[in-house]
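Student: I would like to go through this model step by step. Can we start with the sheet and then turn to the cores?

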Amino acid sequence: LTVMFFGLCEETRSLLSVFEEDAGMLTDYTNKLLQSMQRVFGAQSEMGLATEQLSQQLLDYEKKNFALGKGDEEVIATLQHFAKTVGELNSLHSELANQMADSMVFPLIQFREKDLTEISTLKEIYGIVPFRLRKQHSASLQYYCALNALQYRKRVAMLEPMLGFTQAQVGFFKKGIELVSKKMDSFLSACVFSIQAQLDSEAETMRASQRELLSVEDTVYMPDKDSDSVNRTLIQKAGYLNIRNKTGLVTTAWDRLYFFTQGGNLMCQPRGAVAGGMVLDLDNSSVMAVDCEDRRYCFQITSPSGKTSMILQAESKKEYEEWICTVNNISRQIYLTDNPEAVAIRLNQTAIQAVTPITSFEKRQEGDPNPDRAKPGSVLRPGASQNPGAAPEPEDLIAPGTPIQFDIMLPASEFQDQNRAGGRRTNPFGETDDDCSSETDDSLLQQVFAVRFQGSMAVRCGNNQEVIYEAMRQVLAARAIHNIFKTTESHLMVTSSSLRLIDPQTQVTRISFMLDEVSQFAAHQENGRLMGFVVEGRDWSDGDEEGEPAFSAFIFESSTEGEKICYTINLAKEIAEAKKDPEALAQLMKNMPLTNDGKFLLLEPETGDTADRVGQEDLESEA
């Protein structure tokens with residue numbers, strides 16, 4: 001019997017450990033589940049407080065005195081209706097929170113405090129009961145019964161809170177459906193449609209106002225709108241201008257002074273002075289519109305030598321244009337002619353281009369200020385053919401969008417297409433072909449001119465002098481728009497076999513063209529220092545072995561008259577033709593004076609300012 005008793009005790013202890021372990025895990029799970037349910041209850045309680053605050057804020061809209069309260073009556077009525085609805089929802093949320101507390105949280109707390117705490121208490125009693133058969137047996141039976149009963153109670157304890165939660169949510173949604181009835185649905189739909197229609201109407205009105213504002217002219221935003229027309233035939237002008245003065249290396253200041261013209265001079269009378277003094281000689285000067293910091297109506301006047309320039313600002317657009325036109329008229333010495341106004345009218349188009357540089361390829365109007373440019377008698381020499389018909393359009397001469405090159409290291413044709421060969425270009429480091437140097441040494445004509453390169457660009461034809469004038473216009477307009485006023489001085493050497501552009505300091509030949517490649521040359525009819533020529537090359541980009549003809553125009557500003565350069569090029573071509581016939585060459589040499597070394601004496605050597613400028617770079621263009 002003793003052996004059997006102890007065997008039963010060991011089996012009981014093993015089974016008891018399993019029940020105790022299960023009770024411990026159930027206690028831990030119940031605590032975590034209770035924390036989650038309390039969190040849900042807290043969120044629902046906060047939802048009730050939030051809806052109550054929202055309802056109060058909706059009612060407070062009516063109490064606010066908004067400055068822009070047009071059309072708020074409909075909004076106030078709608079918000080009041082929403083506040084009432086949210087208040088009813090608040091009561092539903094509060095009721096749902098109370099139901100969660102009663103049917104979800106409370107049963108789980110009761111299970112933990114009653115059943116799980118009882119198991120813990122009986123376990124402690126079971127462990128401290130003295131080893132007496134009756135008391136030990138009684139405590140064991142109570143403990144074992146509580147462990148067995150826990151296995152059944154936990155099923156109810158786990159399901160009862162979730163059933164209460166589900167029942168509370170179902171009741172909340174049923175009452176919510178009754179609250180948000182079909183009447184509420186129709187009200188919401190009508191309210192949203194009304195507000196959306198009102199917003200669309202106001203947005204369309206605003207867009208119409210915006211289009212109306214954008215369609216007005218820029219003069220509406222200008223405080224100094226001029227009603228009077230601009231007089232472009234003035235040869236005298238007076239008024240206040242702002243002049244920019246340097247106050248340091250990079251700082252400038254503007255002073256307002258009184259300026260007036262007298263004869264061919266620009267005069268200025270400072271404050272407090274009895275009479276004015278001369279500021280600049282306007283004869284043969286140049287003027288152009290410039291962009292200067294944040295100021296409008298600025299223009300720049302440059303002296304003929306290019307060493308002196310000043311930037312002035314007019315007080316209005318009318319004054320700005322009239323000052324530019326007046327300086328243009330005086331610079332051409334119109335005031336010395338018998339009828340200055342008639343001459344000024346003829347140069348009106350030039351003044352307009354100085355005020356607003358033309359970059360688009362606009363068609364020439366019938367009132368072209370230079371109607372005789374295509375007629376014989378211009379500076380164009382026999383090296384270029386003329387078109388006796390009507391003047392071609394700019395698009396026929398130069399393709400729209402053609403890039404302009406302001407550097408003389410590459411021909412314009414190479415700038416546009418690396419496969420196109422313009423003229424014969426020498427190495428930039430000075431190495432030239434032997435045959436070229438021998439031709440230059442043996443040349444009968446060798447004349448050097450100081451020039452400043454303005455620009456080059458590809459052109460569509462080489463048999464019309466209009467292409468040179470069009471290239472001049474586009475190059476000078478591009479320089480004015482992009483504020484490119486600095487140029488590099490070079491020496492243009494004209495020989496009976498080639499044209500060479502030489503660096504005056506290093507004597508390196510920058511670019512060279514054979515004389516037979518120069519198809520056309522001409523000087524500007526109004527600005528005598530401007531000249532240009534067209535070079536014919538070949539374009540092998542299409543894969544043709546012979547290549548297609550390609551033309552490039554080169555524009556220069558000379559220190560002397562451009563007509564002299566054109567005359568020299570024409571003489572060089574005559575000498576090149578005469579070389580083919582010894583008798584013609586002898587006759588030509590007999591008619592022309594020669595130097596001591598047997599070369600043609602064409603012009604007197606340049607002296608004075610031109611000689612002083614040899615080797616100088618970065619000079620300002622006077623074009």
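**Sheet and cores**

Tutor: This is a predicted model. An open sheet of 7 strands is paired antiparallel, in the order 4-3-2-1-7-6-5.

Student: Which strands stand at the edges of the sheet, each with a single partner strand?

Tutor: Read the order from end to end: 4-3-2-1-7-6-5. An edge strand has a single partner, so one side of it is left without a neighbour in the sheet. That applies to strand 4 (277–281) and strand 5 (286–292).

Student: What is the bridge partner of Val290 in strand 6?

Tutor: Strand 5 and strand 6 (residues 295–302) run antiparallel and are joined by 6 bridges. Within strand 6, Val290 is partnered by Cys298.

Student: What angle does the direction of helix 5 make with that of strand 6?

Tutor: Helix 5 (residues 317–331) packs on the sheet. It touches strand 1 (238–246), strand 2 (252–262), strand 3 (265–269), strand 5 and strand 6. With the direction of strand 6, the helix 5 direction makes about 10°.

Student: Now the largest nonpolar core. Which element gives the most to this core?

Tutor: The core has 26 residues, and Met531, Phe533, Phe554, Phe556 and Ile569 touch the most other members. Among the elements that supply at least two residues each are strand 15 (530–539), strand 16 (548–558) and helix 12 (562–578). The top contributor, with 6 residues, is helix 12.

Student: How many residues does the other core have?

Tutor: This core lies apart from the largest one. Its members include Leu26, Ile119, Leu122 and Tyr143. The number of residues is 25.

Notes. Residues are numbered from 1 along each chain as its sequence is written. This is a predicted model: local features need pLDDT of at least 70, side-chain atom pairs count only at pLDDT 80 or more; totals for chains, interfaces and linings use all residues. Side-chain values use heavy atoms; hydrogens and water are left out. A nonpolar core is a set of buried Ala, Val, Leu, Ile, Met, Phe, Trp, Tyr and Cys residues joined through side-chain atoms within 4.5 Å. Buried means under 20% relative accessible area, exposed over 50%, partly exposed in between (1.4 Å probe, protein chains only). Helices (H or I, at least four residues) and strands (E, at least two) are DSSP runs, numbered from the N terminus. Two strands pair if DSSP finds at least two bridges between them. Contact means heavy atoms within 4.5 Å. Axes are lines fitted to C-alpha atoms, for helices over the stretch in contact, and angles run from 0 to 180 degrees between N-to-C directions.
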